[in-house]
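Let's explore a protein together, one question at a time. Have a look at the picture first, and then see whether you can follow the reasoning.

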Amino acid sequence: MEQQYGDDFISITDEAGKEYELEVLAELEHNGSRYLALVPAGSGNDDEEEDLEVSILKSVEENGEDFLEAIEDDAELEEVYSALMDLIYEEDDAPEA
């Protein structure tokens with residue numbers, strides 16, 4: 001899966017060549033790995049935040065390139081999901097300077 005990083009948005013291309021634009025909600029370093037919480041770009045424009053479909057992908061390096069992959073282990077996914085949600089809500093509650 002190829003990816004291009006922007007500010008808070010990335011463009012990824014799957015194995016079939018289909019391109020997706022995603023917004024990065026949060027990044028987390030956990031147990032030596034990097035994880036990203038992502039939503040489809042532009043999906044946060046309305047007030048229906050509870051309907052957001054959040055994807056959590058793991059960043060892995062192969063042959064010097066970074067790739068995003070699904071987390072197959074349920075226990076790992078649950079642990080990372082909990083940590084990412086804590087991080088996202090902590091950022092939302094932080095006072096703006």
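## Reading the fold step by step

E27 has a relative accessible area of 43%, so this residue is partly exposed. Keep in mind that the model is predicted.

Q: Which residue forms a salt bridge with E27?
A: A salt bridge needs a side-chain nitrogen of Lys or Arg within 4 Å of a carboxyl oxygen of Asp or Glu. Here the closest N and O atoms are 3.0 Å apart, and the partner of E27 is R34.

Q: In what order do the elements of the protein run from the N terminus on?
A: Start with the inventory: the protein has one helix and six strands. Reading from the N terminus, the order is β-β-β-β-β-β-α.

Q: How many residues apart in sequence are the parts that the pair K58 and E76 ties together?
A: The side chains of K58 and E76 meet in a salt bridge, with N and O 3.2 Å apart. K58 lies in strand β5 (residues 55-62) and E76 in helix α1 (residues 74-93), so the pair ties together parts whose distance in sequence is 18 residues.

Q: Is K58 buried or exposed?
A: The cut-off to use is that buried means under 20% relative accessible area. E76, at 22%, counts as partly exposed. K58 has a relative accessible area of 18%, so K58 is buried.

Q: How far apart in space are L25 and L36, C-alpha to C-alpha?
A: L25 is found in strand β3, which covers residues 19-30. With a relative accessible area of 29%, L25 is partly exposed. In sequence L25 and L36 are eleven residues apart, and their C-alpha atoms are separated in space by 7.5 Å.

Q: Which element supplies the largest share of the largest nonpolar core?
A: In soluble globular proteins, nonpolar side chains tend to be buried together. The largest nonpolar core here has ten residues, among them A26, Y35, I56 and M85. At least two residues of this core come from each of β3, β4 (33-40) and α1. The largest share is four residues, and the element supplying them is α1.

Q: How many residues are in the second, separate core?
A: This core includes I10, V24, L38 and L57. Its full count of residues is eight.

Q: What percentage of the residues in the protein is buried?
A: Buried means a relative accessible area under 20%. Among the 97 residues in the protein, the buried share is 29%.

Technical notes:
Residues numbered from 1 in each chain as written. Predicted model: local features only at pLDDT ≥ 70, side-chain atom pairs only at ≥ 80, totals over all residues. Heavy atoms only, no water. Buried < 20%, exposed > 50% of the residue type's maximum accessible area, 1.4 Å probe, protein only. Core = buried A, V, L, I, M, F, W, Y, C linked by side-chain atoms within 4.5 Å.
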